[in-house]
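Here is a short series of questions and answers on a structure, moving from its core to its domains and then to the contact between its chains.

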Amino acid sequence: MALTRWPLIAVALALPTLVPLVAALSSFTRLDADLWSHLSEYVLPHVLPTTVLLLIIVSAGVSILGTALAVLVALFEFPGRRVFSWALLLPMAVPAYVLATVFVGTLDYSGSVATFLREHTGLLLPDLRNLAGVSLVLIAALYPYVYLVVRSSLAGQGARVLEAARSLGLSPAQAVLRVALPLSAPAIFGGTLLAAMETLADFGAVSAFNVDTLASAIYKAWFALFSIDAALQLAGVLLALVLVLLVLQSRVQRARRVATSAGPPAQRRPLGAIGAGLACATCSLVVALAFIAPLIQLGIWSARNLRDLDARVLAAGLNSLLLGSIAAASIVGIALLLGYASRRAPGRVVTAATRTATLGYALPGALLAVGLYVPLAALIAHINQWLGWGLMLQGGLALMLLAYAVRFTAVAHAPVIAGLSRIRPSLDEAARLAGHTGLGQLARVHLPLLRPGLAAAAALVFVDVMKEMPITLMTRPFGWDTLAVRIFELTSEGQWQRAGLPALAIVIVGLVPVVWLVRHLDSGSRERGSAA
Amino acid sequence: MRRILCVLLLALSPAAAPAATELTVYTSRIEDLIKPVFDRYTRETGTPIRFITDKEGPLLQRLQAEGASTPADLLITVDAGNLWQAARLGVLQPVDSATLKANIPAHLRDPDNRWFGLSIRARTIVYSSARVKPAELSTYEALSTPAWNKRVCMRTSKKVYNQSLVGMMLAELGADRTEQIVRGWVGNFAAAPFASDNEVIEAIAAGRCDVGLVNTYYYGRMLRQKPDLPVKLFWPNQAGAKNHLGGVHVNVSGAGITTHTKNRDAAVKFLEWLSSSEAQHLFANLDLEFPVSPEVKLDPITAAWGPFKQDGINLAEAGKRQADAVRLMDRVGWR
C-alpha cells in the first residue's frame, strides 16, 4: 500500500463523524436570539459550572483510582492479586445508568439501605442526589477504562522497568512515580479522556440524580423547548469543551512519546504486611461497591419479576451479543486503520482526521443518532423525489453499525494507539528489510505485538455497544430489540424493579468479553514470557 | 473509501415493501402496554401490525426527516405537548370520523382532528396519611401557601407531565399568577426535585415530605405491591373556585394518522377501533390509567379512588404553552 493512501483512508473513516458535526455547526446559522437569551440567563449559568466541575472530579477520580489499581495489580504482589486483576474489570459491564439507579434506590433517604440504617441505628446518610453523588457513581462506572488501558501498558514491561529503576537506587515509591507512571502517561491520559467524554455525553446517570449538565440542557432544548437547533448549538458548546480536552491530551502525548519493547515480565515486588492489607482492602472495596452490591440489588429486583424471563429477553440478549460482536470487530478494524495511518503517514491530515473520527464519543447518543439519521433520511427523501424511487432508510443494520462506529471509534482507538506507541519504529524498518510491507507487515509483525491492545479495544467496544441505548433505539430495524431497549421500555414508565432483569442480563452478557479479555491478556503475557 | 461506500449502500438498500394491509406504528408508548392491544386487533381483523418504540423526540425527528418515504401509518405517543408538537410539525393529518368524535370527549382531542386521546392520565395530589388530614387539602394552587413550607416533594421540571400541568395553568390562570404559584411550590420543597414519580411517593411514605403531585397510575402500581402504603390520593380543585384550575389536571396518551401514510383507510379503521370500549378497556387498564370514554368499566384499583371532575379545557392549550412553561420553571429555579 503506497504511503499516500493512508491520509485518504483516514479521511474516509472520519467522514461519517463529519455528518453530525456539520449538523451541529450549521445549526449556528439559525440562532434563536430569544431562546438563547433565556438559556444564557437561566440555564447555562447553572449547567456550565456543574458540567465543568463534574468533568474535573470524575477525571481526577478515574485517573487516580484506575492508575493506582493498575499499578498495584501489575507491579506488586499481595494476597488476592490474581483474582483482583480480573475482578477489577467487572464493573465495566454495569451501565452507568443502572449503577446510578441502584445507588439512588438504595442509599437515598427512602432507599432500602438508608431506611434500614435510619430505623435500626439512627444513622442518617448524607444527601446523595447531588454533584458528589453522581461523581461517585461515574467514577465507579468509568474507572475500568483507565485501569484496563494502564494495566495493559504496564503488563510485561512495567515490572522490568521498575527493577531497573530499583537497581539504580530508587525506592519503590520513587520508581513508580518517576519511571513507571511517566511511561504509562499516554495510557493514563487516553483512558481518562474516554471517561471524560463519556461523562460529557452521559444522560442516564445525571438524570437519575437529577443533576443538570450540558447534556441535560441539550435534551431540554430539544424535547421540552422543541428546538432541535438550540440542542445542536448546545452540542457545539459541548464539542468546544472536548476540543480543549483533546488539545490537553495531545500536549501530554507529544511530551511523553516513548517506545519500549515488550519482553519477559519480571517478578512482581511483594508488599509488606500493612501494604498488602491496604491493597487488598482497597481492591475489595472497589469491587464490592461498583460490582457486587449493585449485582445483589439487581438480583433482588429480578427475583421479584422472574415471570419476565421469557423468550423475548433471550432474543434481546442474543441480539445484544450479536450486535456487540459485529460492532467490536468492525470498529477495532477502523481504529487499527486510523492508528496505522498516523504511524505510517503522520501529518496534519491524518491527525485532523483521527481527531474528528474520535469526537463522536462525547456527543450525547440521541443527538448523534439524530444528527446522522436526519441528514441521511433527508438525502434519501430527495433521491426518491428526484427519481421516483421507493428507497427507505429503514434503520438497516448497516446504518446502525455506522452510528455505532461514529460513537465508539474513540473507545477502540485509545488502546490501539497505546499498543502501537509501544512498538519501536525501528521494528518497522527491520520488518521492511525482511520484506514485510503494508498489510503484510501489519499482519505478521504488528498484530502479535498488538494483541493485548486489540483485545482491550474489542472488549471495550463490545461492552459499550451492549449498554448503548439512544442510537440503538433510533436505528434498530424492526425486531432488533436489545437488552438496553428492554431497559428503556421498562424505565420510561418508571418500572425500575422490572428493569432489574434485563439489566442483570446486560451485566452477565457483558462479562463474556471481559472474561475473554482477561484470559487473553494473561495468556498473551505468558506467551511472551515463554518466548524469551 | 470503498468501505464507507459499501456501508452507505447497504444502509440504503430498499426495505421489503409491507403487504398492503400491514400497519406500521411508531410509538413512545412502551411495548408492554401496547403489544397486547395490537395482538388483539390482529387476532380480530387479521391485520398485522409492526411497530418501533422510541422516545417522542427522536420519533418526531424521524417522521419529519423521512417525509413521504416514511413507512409509518400511525404515531402513538403520550402527552398533549408531544401530540401538539407532532401536529404543528405537520406529520399528522386530520381525520374526520363520527366514531372518534362520539367516543372521545372534545377536550381530549385536537380541535383540528389530527390527534385523539386514547387514555387519560390524571396528575393529582398524594399525601401522607400519617401527617396530613384530607381537610387540609383543597387545590393545586394552595400547595404554594406558607402552610406547606418544607412539606412538598415534586418530580423534576424536565418531565413533560409537570410541563403540561404548568402549561395548563398558564392557559387558565395567566402568566403572573402561574409564576407566583409555581414559585410558591418551589419555596415549599422539602427536598431537591426527584427523577421519578415513584420517588416522590416513596419520599412521602418515608416521611421526608407530606404532599406531592404524581400521575395516578404510579401510585396505583405501588399500591398493588404494598397495599398498606401510608400514602393516600386526593382529587384537588373539585369546588370550581375562581382563579383556579377547573378540575383535576389530566393528560392523555393518544394517536394520529401520519401525513404520508399509504394505508389511510386501514389506519383510520384501527384508530377507530382503539377508541372502542373493548380496546379502551385493554389500553387504559393495562397501565391503571383512565379510559377516555366514561362508559368503559374501570380496573378495581382505579375505581376505588372514586369519581372526579376533570379540568375541561382542551389539552392543545397546554401543548401550545409547554415551552413557555419550561421557561417559567427555569426562571423560578425548579430543577
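Q: Which residues touch the most other members of the largest nonpolar core?
A: In this predicted model, the largest nonpolar core holds 289 residues. Those that touch the most other members come from chain A and from chain B, and they are Ala100(A), Val137(A), Ile218(A), Ile331(A), Val461(A), Leu74(B) and Leu75(B).

Q: Where does this core lie with respect to domain 1 and domain 2 of chain B?
A: The domain assignment of chain B gives domain 1 as 20-120 + 250-297 and domain 2 as 122-249 + 311-331. Because both of these domains give residues to the core, it lies between them.

Q: Which residues does Leu74(B) touch, not counting residues up to four places away in sequence?
A: Leu74(B) is one of the core members that touch the most others. With residues up to four places away in sequence left out, what remains for Leu74(B) is Leu23(B), Val25(B), Ala255(B), Ile257(B), Thr258(B), Ala267(B), Phe270(B) and Leu271(B).

Q: Which element gives the most to the side of domain 1 of chain B that touches domain 2 of chain B?
A: The centres of the two domains, taken over C-alpha atoms, are separated by 27 Å, and the contact takes 20 residues from domain 1 of chain B and 22 residues from domain 2 of chain B. On the domain 1 side, α4 (80-88), β5 (116-128) and β9 (249-258) of chain B each supply at least two residues. With six residues, the element that gives the most to that side is α4(B).

Q: Why is chain B described as compact as a globular protein of its length?
A: Chain B has 14 helices and 10 strands. For its 335 residues the globule rule gives 20 Å, and the description holds because this is close to the radius of gyration of chain B, 21 Å.

Q: What percentage of the contacts in chain B between residues at least 6 apart in sequence join residues at least 24 apart?
A: Buried residues make up 53% of chain B, whose C-alpha trace spans about 65 × 50 × 35 Å along its principal axes. Among contacts between residues at least 6 apart in sequence, the share that joins residues at least 24 apart is 79%.

Q: Which helix supplies the largest share of the side of chain A that touches chain B?
A: Between the chains, 49 residues of chain A are in contact with 52 residues of chain B. By class, the chain A side has 32 nonpolar, 12 polar and five charged residues. Several helices each supply at least two residues of that side, among them α1 (5-26), α2 (33-75) and α16 (397-421) of chain A, but the largest share, 10 residues, comes from α15(A).

Note on methods: Residues numbered from 1 in each chain as written. Chains lettered and ligands numbered in written order. Predicted model: local features only at pLDDT ≥ 70, side-chain atom pairs only at ≥ 80, totals over all residues. Helix = DSSP H or I, 4+ residues; strand = E, 2+ residues; numbered from the N terminus. Rg over C-alpha atoms; globule rule 2.2 N^0.38 Å. Buried ≥ 20, exposed ≤ 12 C-beta atoms within 10 Å, placed from the backbone. Contact = placed C-beta atoms within 7 Å. Core = buried A, V, L, I, M, F, W, Y, C linked by C-beta atoms within 7 Å. Domains from an automatic or database assignment. Nonpolar A, V, L, I, M, F, W, Y, C, P; charged D, E, K, R; others polar.
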